[in-house]
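Dear colleague,

Please find below the structure that I am handing over to you, together with its sequence. My findings follow directly after it.

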Amino acid sequence: MIDAYFTHLLILIGIYLILTLSLQLAIGYTGLLNLGHVAFYAIGAYTSALLVLSGVPFIVSLILAGIVAMLFGFILSWGTNKLRGDYLALATLGFSFVIYNILSNWISFTGGPLGIAGIPKPSLFGISFSSNFSFFILTSFIAIITLIIIWKITTSPLGRVMKATRDDELATKVLGKNTFKVKTYSLGIAAFFAGIAGSLYAHYITFINPSSFTILQLIPLLAIVIIGGLASIRGTILATIILVLLPEPIRFLGFSSSVVGPARQFIYALILLLILMYKPRGFYGKVELE
Amino acid sequence: MSVILQLIVNGLITGAIYALVASGFSLIYSTNKFIHFAHGAVVAFSAYFLYFLFSMIGMNFGFAVIFTIAFAILLGWGMNVVVYRQLRKRKTSSVILLIASFALLILLESLILILFGATVKTIGFIRAATSIEIFGAFITPLQIFIIISSLVLLSLFLFFMKKVKVGKAMRAVSDNKDVAEIVGISSEKIYSLSFLIGSGIAGIAGILVALEQNLQPMMGTNLMIKGFVAAVIGGIGSVPGAILGGFFLGLSENIGVWFLPLGYKDAIAFVILFIFLLLRPKGILGIKKREEK
């Protein structure tokens with residue numbers, strides 16, 4: 001029993017790691033305050049669930065989930081290219097509202113508020129990942145690949161241009177770099193991994209509905225990125241582990257489940273607020289948001 | 001004919017509430033220069049506070065209204081003093097303030113959920129009254145009251161901003177904080193004052209919403225989004241623009257329902273927001289946003 005619960009938490013940490021590392025790429029490394037990350041997560045989850053249920057193999061669905069999310073990332077980036085700071089934040093937040101609205105209302109396609117149930121556990125090359133332990137192996141494998149890719153990107157020439165764009169977009173343009181392209185790549189890659197995370201979530205929980213993807217989900221992600229420190233990968237990993245585990249003890253205090261959910265949100269929001277007020281650079285932050 | 005008239009009437013009712021939310025939000029934005037998301041939470045919390053005083057404790061309705069407005073003012077002012085002022089002292093950017101206000105919004109909404117639960121609440125002060133028919137459109141006395149009271153309040157507010165000395169000082173700070181400080185206006189005082197006034201209006205909006213609709217814990221986010229979109233449509237930072245935008249949004253949402261399924265009502269606001277951000281970020285009234293560094 002305790003084992004199963006522990007594995008469940010590890011899987012959650014894995015999925016969150018994929019989400020937060022990719023969000024860190026957009027926010028911390030490129031300076032794009034992307035508040036639409038949950039929408040990409042949702043797009044990935046729905047894409048993968050719908051594909052698998054119509055008979056597409058898991059591995060193809062997983063990758064397509066990332067690609068579809070990435071295409072939406074490109075569209076969003078193209079649409080918001082000229083926006084910065086507050087306006088970008090709101091346009092991306094608006095994007096996630098629109099996606100949420102579509103998921104709730106396009107009933108014939110997404111199942112509307114009832115969502116999609118009976119999503120099969122994944123199987124790869126004949127190996128089934130139906131047990132939690134095997135799913136944990138799969139998730140951690142993908143999380144590690146994500147970590148390596150994002151780490152490689154941030155240390156590559158592309159990553160350096162991303163950081164330059166974050167620090168001074170105009171100067172980067174003067175140096176002849178196409179900052180629009182860099183921002184699009186950054187948002188696209190972030191969206192790709194969010195889509196992958198969404199696919200894993202859908203196949204792990206085996207049930208998705210729009211309420212799994214509201215802006216409430218954004219608060220823990222933002223809190224992790226800022227607490228870990230902007231542009232810090234080890235900070236993000238540390239913060240992910242801490243923040244996923246932190247609200248768990250509430251479960252054992254004997255509150256009813258209708259209190260546990262809001263209490264978790266409350267704790268996340270409070271932590272985010274406190275960190276912004278007293279330690280705005282987080283654990284290992286190199287820069288502050290501008 | 002009567003259908004379109006009915007939609008316009010509905011649009012005016014929704015628009016009146018949006019205009020109230022947007023005007024307070026816009027006032028805070030114009031002086032403080034950041035997006036105060038938690039403004040929506042002030043509206044929602046006021047609505048629930050009224051529910052608490054009137055329906056749970058059984059207080060006299062008039063007193064409950066007065067206490068609710070006081071509560072809204074206190075809540076807005078408290079957020080400014082406890083959170084925003086501390087952040088401003090460190091000269092943090094408007095993006096940090098935006099995230100902080102977003103966190104505050106979720107914090108307050110979670111608090112509503114913990115205190116009042118997720119079930120939908122109704123105040124039930126005015127029982128379903130018979131509606132009056134005007135040229136084939138139906139409207140209840142309460143709805144007429146909502147439209148009239150918001151129009152009166154908004155005109156008072158505009159008068160205050162244009163003619164009263166403090167209102168002028170607020171516009172001075174929103175125009176150019178440094179110059180305003182040189183002429184002896186304390187910007188910190190003006191920040192507080194705009195929170196007091198903006199939140200007071202939000203409290204009234206909360207009361208009107210509570211009378212007209214059911215209470216849901218997440219209503220603050222929704223109203224905030226609408227208020228924000230209205231403010232952008234009208235030209236962000238301009239109070240008359242926000243009022244105009246509020247009515248514009250209310251009308252287009254209700255008329256849009258004619259073409260789209262009801263569930264997409266909320267998406268209409270965002271489509272309009274995107275169109276304005278991309279094509280006319282200055283908004284209808286076209287006030288230029290200064291480049292800020």
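In this predicted model, chain B has an average pLDDT of 84, and 94% of its residues score at least 70. The pLDDT falls below 50 over residues 289–293 of chain B, a stretch that makes one contact in the model beyond near neighbours in sequence. For the complex, the predictor reports an ipTM of 0.87 and a pTM of 0.88.

Regarding the contact between the chains, chain A contributes 34 residues and chain B 35 residues. On the side of chain B that touches chain A, at least two residues come from each of α3 (61–89), α4 (94–116), α9 (219–234) and α11 (265–279) of chain B. Of these helices, α4(B) provides the largest share, 14 residues. By residue class, this side of chain B consists of 26 nonpolar residues, eight polar ones and one charged residue.

As to the interior, the largest nonpolar core holds 199 residues, and the members that touch the most others are L272(A), A103(B) and L104(B). Helix α9 of chain A, residues 179–205, gives the most to this core, namely 15 residues.

Which residues does L272(A) touch, not counting those up to four places away in sequence? Within chain A they are I219(A), L222(A), A223(A) and I226(A); from chain B there is A103(B). L272(A) and A103(B) are thus in contact with each other, and both are among the core members that touch the most others.

With kind regards

Terms used
Residues numbered from 1 in each chain as written. Chains lettered and ligands numbered in written order. Predicted model: local features only at pLDDT ≥ 70, side-chain atom pairs only at ≥ 80, totals over all residues. Contact = placed C-beta atoms within 7 Å. Helix = DSSP H or I, 4+ residues; strand = E, 2+ residues; numbered from the N terminus. Nonpolar A, V, L, I, M, F, W, Y, C, P; charged D, E, K, R; others polar. Core = buried A, V, L, I, M, F, W, Y, C linked by C-beta atoms within 7 Å. Buried ≥ 20, exposed ≤ 12 C-beta atoms within 10 Å, placed from the backbone. pLDDT = per-residue confidence, 0-100.
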